[in-house]
Amino acid sequence: MPHPFDLSDSNFSRLQSRAVPLVDDLNSVIAKLLDLVEGDEPATEADIRASPSKIVKKFDPATPPDLTHTKVISVTFDGKQLDKPTWNGLKDAAIRYIVKTEKDKDKLKSLILCPFVFGKKEDEGYRYMADLGISVQSQDSMGAFKVAYHIASNHGCGMKIQFMWRQKEAALHPGMTGIMEIVARL
């Protein structure tokens, strides 16, 4: 049974801008918006351009989107929330986890997918992690994510990252929020 309702001219115009001419009616446009809000349908490029700050999209961490020009909002790695979430903070959390669980130094070389050295080194982008006795080179967002993903996915760690693309023309989805998650294996 149809439900009549009043719609302001501005809201009607907004809905009309999302309609496919000669295909959508008012009901189908509202259904599309509800699907989008409820997460039943992936966001389209038009949805993202229309209101990027309201879109939260889940991405498969095995095939991450381009993370250039992103800012980390929150990170949980191995059940621990990072106080100051950054891409390199995520990388460091993953490295801390693997160095504390794997004592074979030769194995660490294949497990940590970024340049690191045992001992103290503080030039060429290296930062000393005194609690581990190693120095690790900083990475860009994609490099840092790949280090953490490799460790988490190969060692059963849970990892959840919420991030946002900055409002830059070169960003993949300016203003949109993304989430990537790996569920811990017991």
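**Exercise 1. The sheet**

Five strands form an open sheet of mixed pairing; determine the order of the strands and identify the edge strands.

*Solution.* Across the sheet the strands follow one another as β1-β8-β7-β2-β3, and the pairing is mixed. Strands here are DSSP runs of E with at least two residues, and helices are runs of H or I with at least four residues, both numbered from the N terminus. Two strands pair if DSSP finds at least two bridges between them. The edges are β1 and β3 (80-81), each of which pairs on one side only. At the β3 edge, two bridges join β2 to β3, and these strands run antiparallel. One residue of this region, Thr76, has Gln81 in β3 as its bridge partner.

The model is predicted: local features need pLDDT of at least 70, side-chain atom pairs count only at pLDDT 80 or more, and totals for chains, interfaces and linings use all residues. Residues are numbered from 1 along each chain as its sequence is written, and side-chain values use heavy atoms, with hydrogens and water left out.

**Exercise 2. The chain as a whole**

State how many helices and strands the protein chain has, and describe its burial, contacts and accessible area.

*Solution.* The protein chain has six helices and eight strands. Read from the N terminus, the elements run α-α-α-β-β-β-α-α-β-β-β-α-β-β. Of its 186 residues, 35% count as buried, where buried means under 20% relative accessible area, exposed over 50%, and partly exposed in between, with a 1.4 Å probe and protein chains only. Contact means heavy atoms within 4.5 Å. Among contacts with a separation of 6 or more, 54% come from residues 24 or more positions apart. The chain exposes about 11600 Å², and carbon and sulfur atoms supply 53% of that area; the areas come from the Shrake-Rupley method with a 1.4 Å probe, and for residues only the protein chains shown count as cover.

**Exercise 3. Two helices**

Compare the span of α4 and of α6 with the expected value, and locate the buried residues of each helix.

*Solution.* The expected span is 1.5 Å times one less than the number of residues. Helix α4 has 15 residues and reaches 22 Å from its first C-alpha to its last, close to the expected 21 Å. Helix α6 (residues 141-155) also has 15 residues and reaches 21 Å, close to the 21 Å expected.

The next step concerns burial. In α4 the buried residues include Trp87, Leu90, Ala94, Ile95, Ile98 and Val99. In α6 they include Met142, Phe145, Val147, Ala148, Ile151 and Ala152. An α-helix has 3.6 residues a turn, so residues three or four places apart point the same way. The buried residues of α6 pack against β2 (70-77), α4, α5 (105-111), β7 and β8 (177-182). Just after α6, Gly156 takes a positive phi of about 75°.

**Exercise 4. Aromatic pairs**

Count the aromatic pairs, and classify those that Phe163 forms with Phe59 and with Trp87.

*Solution.* Rings of Phe, Tyr and Trp (its six-membered ring) pair if their centres lie within 6.5 Å; planes under 30 degrees apart count as stacked, over 60 as edge-to-face and the rest as tilted. By this rule there are eight aromatic pairs. The ring centres of Phe59 and Phe163 lie 6.2 Å apart with the planes at 35°, so this pair is tilted. Phe59 belongs to β1 (residues 56-59) and Phe163 to β7 (residues 159-165), which puts the two residues 104 residues apart. Phe59 is buried at 14% relative accessible area, and Phe163 is buried at 0%.

The pair of Trp87 and Phe163 is likewise tilted, with 5.8 Å from centre to centre and 55° between the planes. This pair links α4 (residues 87-101) to β7 across 76 residues. Trp87 is buried, with a relative accessible area of 8%. Phe59, Trp87, Phe145, Tyr149, Phe163 and Trp165 form one aromatic cluster.

**Exercise 5. Lysines over rings**

Identify the rings over whose faces Lys105 and Lys121 lie.

*Solution.* A charge sits over a ring if NZ of Lys or CZ of Arg is within 6 Å of the ring centre and within 35 degrees of the ring normal. Lys105 lies over the face of Phe118, at 4.7 Å from the ring centre. Lys121 lies over the face of Tyr126, at 5.1 Å from the ring centre.

**Exercise 6. Positive phi outside glycine**

Place His69 and Asp78 in the chain, and give the phi and accessibility of each.

*Solution.* Most residues other than glycine have a negative phi. His69 has a positive phi of about 65° although it is not a glycine. His69 is in the loop between β1 and β2 and counts as partly exposed at 27% relative accessibility. Asp78, also not a glycine, has a positive phi of about 50°. Asp78 is in the loop between β2 and β3 and is partly exposed, with a relative accessible area of 31%.
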